[in-house]
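Grab a pencil and have a look at the sequence and the model below. Each exercise gives you a task, and the solution then walks through it step by step.

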Amino acid sequence: MFVRKKRNRTGTISVVVVDKSHGGFKEVKNFGVASSEEEADILYMRAREWIGTYAGQQVIDLTSSMRHPNFRSCPNPLGKGVV
């Protein structure tokens, strides 16, 4: 899923969440219409937050585990140092 900002004929900007599956795009949720770029940015951020909570989906920070004190690096399967 991703957020799309789409310019309309009237000059306004629609902000929608889109899902691509089965070779096509489907609008999942419409977050509104903005008359300025600043309003569109606010709607864009709301849409990004919504994607993070939609249907139990979560954003996983894979870099945080590397900062953990008990993190062990493992050998690279290609034999070129440590991953």
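## Exercise 1: A buried isoleucine

Isoleucine 13 has a relative accessible area of 5%, so it counts as buried. The model you are looking at is a predicted one.

**Task.** Find the element that holds isoleucine 13, and work out which residues isoleucine 13 is in contact with, leaving aside neighbours within four places in sequence.

**Solution.**
- Step 1: Isoleucine 13 sits in strand β2.
- Step 2: Leave out the neighbours within four places in sequence, and the contacts of isoleucine 13 are Lys5, Lys6, Arg7, Asn8, Gly32, Val33, Ala34, Ser36, Glu37 and Ala40.
- Step 3: Pick valine 33 from that list. Its C-alpha lies 5.5 Å from that of isoleucine 13, although the two are 20 residues apart in sequence.
- Step 4: Now pick arginine 7, which is the bridge partner of isoleucine 13 in β2.

## Exercise 2: The strands and their turns

**Task.** Say what pattern the chain follows along the sequence, and how many bridges join β1 to β2 and β2 to β3.

**Solution.**
- Step 1: Count the elements: there are one helix and three strands.
- Step 2: Read along the sequence and you get β-β-β-α.
- Step 3: β1 and β2 run antiparallel and are joined by six bridges. Their hairpin has five residues between the strands, and there glycine 11 takes a positive phi near 95°.
- Step 4: β2 and β3 also run antiparallel, with nine bridges joining them. One bridge to look up pairs aspartate 19 with lysine 26 in β3.
- Step 5: The hairpin of β2 and β3 has two residues between the strands, and histidine 22 takes a positive phi near 55° in it.

## Exercise 3: Two sides of a helix

**Task.** Which residues of α1 are buried, and which exposed residues does the face turned away from them carry?

**Solution.**
- Step 1: Find α1 at residues 37–53, which makes 17 residues. From first C-alpha to last, α1 reaches 25 Å, close to the 24 Å expected at 1.5 Å a residue.
- Step 2: The buried residues in α1 are Ala40, Leu43, Ala47 and Ile51. Looking down the axis of α1, you'd see these buried residues fall within an arc of 85°, so they line one face of the helix.
- Step 3: Here's a handy rule: an α-helix has 3.6 residues a turn, so residues three or four places apart point the same way.
- Step 4: Turn to the face away from the buried side of α1, and you meet the exposed residues Glu38, Glu49 and Thr53.
- Step 5: As for what covers the buried residues of α1, the cover includes β1 (2–7), β2 (13–21) and β3 (24–34).

## Exercise 4: The core

**Task.** List the residues of the largest nonpolar core, and name the element that gives the largest share of this core.

**Solution.**
- Step 1: The largest nonpolar core has ten residues: Val3, Ile13, Val15, Val17, Phe31, Ala34, Ala40, Leu43, Ala47 and Ile51.
- Step 2: β2, β3 and α1 are the elements that give two or more residues to this core.
- Step 3: α1 supplies the largest share of this core, four residues.
- Step 4: Try alanine 47 as a check. Beyond its neighbours within four places in sequence, alanine 47 is in contact with Val3, Val15, Val17 and Phe31.

## Exercise 5: Rings in pairs

**Task.** How many aromatic pairs are there, and where in the chain do their partners lie?

**Solution.**
- Step 1: The count comes to two aromatic pairs.
- Step 2: Phenylalanine 2 and phenylalanine 25 form an edge-to-face pair, 6.2 Å centre to centre with 90° between the planes. Phenylalanine 2 is in strand β1 and phenylalanine 25 in strand β3, 23 residues apart.
- Step 3: Phenylalanine 2 is partly exposed at 34% relative accessibility, while phenylalanine 25 is exposed, with a relative accessible area of 53%.
- Step 4: The rings of phenylalanine 31 and tryptophan 50 have centres 5.9 Å apart and planes at 70°, so this pair is edge-to-face. Phenylalanine 31 lies in strand β3 and tryptophan 50 in helix α1, so the pair ties together parts 19 residues apart in sequence.
- Step 5: Phenylalanine 31 counts as buried, at 18% relative accessibility.

Note on methods. Residues numbered from 1 in each chain as written. Predicted model: local features only at pLDDT ≥ 70, side-chain atom pairs only at ≥ 80, totals over all residues. Heavy atoms only, no water. Expected span 1.5 Å × (residues − 1). Buried < 20%, exposed > 50% of the residue type's maximum accessible area, 1.4 Å probe, protein only. Arc of directions from axis to C-beta. Contact = heavy atoms within 4.5 Å. Pairing = 2+ DSSP bridges. Core = buried A, V, L, I, M, F, W, Y, C linked by side-chain atoms within 4.5 Å. Phe/Tyr/Trp six-rings, centres within 6.5 Å; stacked < 30°, edge-to-face > 60°.
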